[in-house]
Amino acid sequence: MRTFKAISISLLVLAFLTFFVGNYILNNVVKTRLAQIINNNPDRKYDFIFDAINFKWFSGELTITDLKIVPHFDNKSDEPVNSRIKATLTEFRLVNLNVFSLIFHNTLKISEISIQEPNIELYRNVSSKTGREEHTFVKSVITPTFLTARVSKLQLSNAKLSVFNVDQTDTVRILTFDSLNYSLTGVLVDSSTISAGSYFKYDRLSIGLKNINVDAVENISISLDSLHYDPESKILSLINLNFIPKQDPQTYMKSVQFETDWMQIKIKKVEIKNLDFDKLLENRSIHLSELKVQTPDIKIYRDKRLPDPIFKFKPLPSQLLAEMESVIDIPSLVIQDGKVHYQEWGENAKDVANIYLDNISINIDNITTLPEKLNINDTLSIKLSGKFMKSGDLALDIKMNVTDKKQRFHTIGSISKLQFASLNPLSEHLLKIKFNEGKLDYINFWFNGNNKLSKGRLDIKYHDLSKIYFESEKELAKSEVDGKTKPRKLNSKFMTLMANTYISNEYGPETKKYFQGRINFHRNENKSIVNFIVKSIITGIESSLLPMVQGDYKEMKRERRNIRKSVK
């Protein structure tokens, strides 16, 4: 009996020693083998250092704490370096690691990889003149000797990232975010993925980001509260995306030499549906089914007292698409509940003029550079609606032909139900005109255009226009006095009298002295399409209200008589 007990105790002690000693030896084997796989590239740019390791034989769970990823400074290569990464990981955990595959076949088979609270710093060498360095970090880990890895799930939790630009004199942080949560399922790395340059494949992606700040742009700070990708709906969501100038409008204008825009943009939400991540990563092409921008709030300031900018041709949107080298395919872009506040300080103004656009909805269809799609339909369609000057209804419909070398397009639109007094924030400071009463029933316009010219027609109707006031003296012309050019001005009271004598309080196609407006505008190719459309509409309004200043006044009178005869 005593012999049996002694044997039993001996076996238990032996088993105990075997388990712990074997586990200790196995821990060292696994640790050494992992180090060999990861750090076996003699030209590697990174070392992976892990001191604390715990391996559970039966569950196949391996936990590494305080993992550090640092640049490998013993690299003898003379190849210039564009970027470097430093990272510390609180915990790196592998679940259901197949030890035999790891030791004998250089193959990682893992149910789950969990990475907790990594702190990552990326340093970019902006003074390097070499080309873009592709996948430097991944190439350092995954080499042709790294045969196969299969991971059911890879989970990254609460990561922090800082990106720095480094030159010979300074290190500047340009990007930070506080919390990255990232998940991949069905990850595969093998010889085919390595040779293809994609390094790994995956079945499903989920991503979430919080508190992102970008300072890379010289005069703009970019921030984003959160980014989330839902693999079920395949929607990438960006919450509270902001582009904030680092200077106020007046300070910024003092720092620029030419007339330019100060712009601030705040967007409540952006939704990107069915973004093809593979094509984006492989060749930087953008393929998605819909881009939705919700509640953008845009503020623009422009100082016309500055010199005109150096001429720079601005193509129409259709020409921009036609000449774009990158591949882009966005069937639908939707902007909902937008707001624009535009301020302009005119050359002779005493204060800024204000333009307000509210409740803006924009639908842009068929944004594509794909030849196979343009062969079927090359029409870029832009539809806009909203409130103008917080009073009138605005509608615009533009059709542009992307493949047309003459860049022809057609525009139809209207402004209706506008109280004239609502124009005062614009007219008082820009035109030095103040409206008291009156209502614009409608302005309907339609015209064709190309890259250089627009031609079309415009109808206008208003009523109860009681009085127009000129708030200050208006410069009308210049005259020579004592050999010097001086402005000649008329008194504002006289101009007010003249305007109200000539302009009737009711006007429209039904009135006797009505002229249909003629749109005829030669584009300033240094200006955007917005300027082109606005100036085209203004020519139509001028020719209707002030036909005698138009070169074709007599022809307009003959046309009016013919229309009246045909009606009778």
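**Briefing: buried sites, charge pairs and ring pairs**

Ser157 is buried, with a relative accessible area of 10%, which falls under the 20% limit for that class. The model discussed here is predicted, and every value below is computed from it. The chain has 568 residues, of which 41% count as buried, and it holds 12 helices and 26 strands.

**The chain as a whole**

- The chain exposes about 32,900 Å², and carbon and sulfur atoms supply 55% of that area.
- Among the contacts in the chain with a separation of 6 or more, 63% are accounted for by residues 24 or more positions apart.

**The surroundings of Ser157**

- The residue with which this briefing opened, Ser157, belongs to strand β7, which covers residues 148-166.
- When residues up to four places away in sequence are not counted, Ser157 touches Ile115, Gln116, Glu117 and Pro118, and it also touches Leu180 and Asn181.

**Salt bridges**

- The structure contains 15 salt bridges, and the points that follow describe some of them.
- Glu290 and Lys273 meet through their side chains in a salt bridge, with an N to O distance of 3.1 Å. Because Glu290 lies in strand β14 (residues 290-303) and Lys273 in strand β12 (residues 261-273), this pair ties together parts that are 17 residues apart in sequence.
- The partners in that bridge fall into separate accessibility classes: Glu290 is buried at a relative accessible area of 17%, whereas Lys273, at 24%, counts as partly exposed.
- A salt bridge also joins Arg408 to Asp404, and the closest N and O atoms of this pair are 2.7 Å apart. Here the acidic residue Asp404 is buried, at 14% relative accessibility, while Arg408 is partly exposed, with a relative accessible area of 44%.
- Lys452 forms a salt bridge with Glu525, in which the closest N and O atoms are 3.0 Å apart. Lys452 sits in the loop between β21 (439-449) and β22 (453-463), and Glu525 sits in the loop between β26 (517-522) and α11 (529-545), so the bridge ties together parts that are 73 residues apart in sequence.
- Beyond these pairs, a network of salt bridges links the acidic residues Glu259 and Asp261 with Arg302, Lys304 and Lys527.

**Aromatic rings**

- The structure holds 10 aromatic pairs. One of them joins Phe409 and Phe532, whose ring centres are 5.9 Å apart and whose planes stand at 80 degrees, so this pair is edge-to-face.
- Phe409 lies in strand β19 (residues 409-419) and Phe532 in helix α11, so their pairing ties together parts that are 123 residues apart in sequence. Phe409 is buried, and Phe532 is buried as well.
- Phe420 and Phe435 have ring centres 5.4 Å apart and planes at 25 degrees, so they form a stacked pair. This pair links distant parts of the chain, with Phe420 in the loop between β19 and α9 and Phe435 in strand β20, 15 residues apart. Phe420 and Phe435 are both buried.
- Ring pairs also build a cluster, in which Phe409 and Phe532 are linked with Phe445, Phe447 and Phe521.
- A charge meets a ring at Trp345, where the charged end of Arg305 sits over the ring at 4.1 Å from its centre.

**Surface and loop sites**

- Val530, Val534 and Ile538 make a nonpolar surface patch of about 240 Å².
- Within this patch, Val530 has its place in helix α11, and it is exposed because its relative accessible area of 56% is over the 50% cut-off for that class.
- Helix α11 therefore carries the exposed Val530 as well as Phe532 of the edge-to-face pair, which is buried.
- Leu431 lies in the loop between α9 (424-430) and β20 (433-435), and at 44% relative accessibility this leucine counts as partly exposed.
- Although Leu431 and Gly346 are 85 residues apart along the chain, their C-alpha atoms are separated by 9.2 Å.

Technical notes:
Residues numbered from 1 in each chain as written. Predicted model: local features only at pLDDT ≥ 70, side-chain atom pairs only at ≥ 80, totals over all residues. Heavy atoms only, no water. Salt bridge = Lys/Arg side-chain N within 4 Å of Asp/Glu carboxyl O. Helix = DSSP H or I, 4+ residues; strand = E, 2+ residues; numbered from the N terminus. Buried < 20%, exposed > 50% of the residue type's maximum accessible area, 1.4 Å probe, protein only. Patch = residues over 30% accessible without salt bridge, like charges linked within 9 Å, V, L, I, M, F, W, Y side chains within 5 Å. Areas by Shrake-Rupley, 256 points an atom, 1.4 Å probe, with all protein chains shown as cover. Contact = heavy atoms within 4.5 Å. Phe/Tyr/Trp six-rings, centres within 6.5 Å; stacked < 30°, edge-to-face > 60°. Lys NZ or Arg CZ within 6 Å of the ring centre and 35° of its normal.
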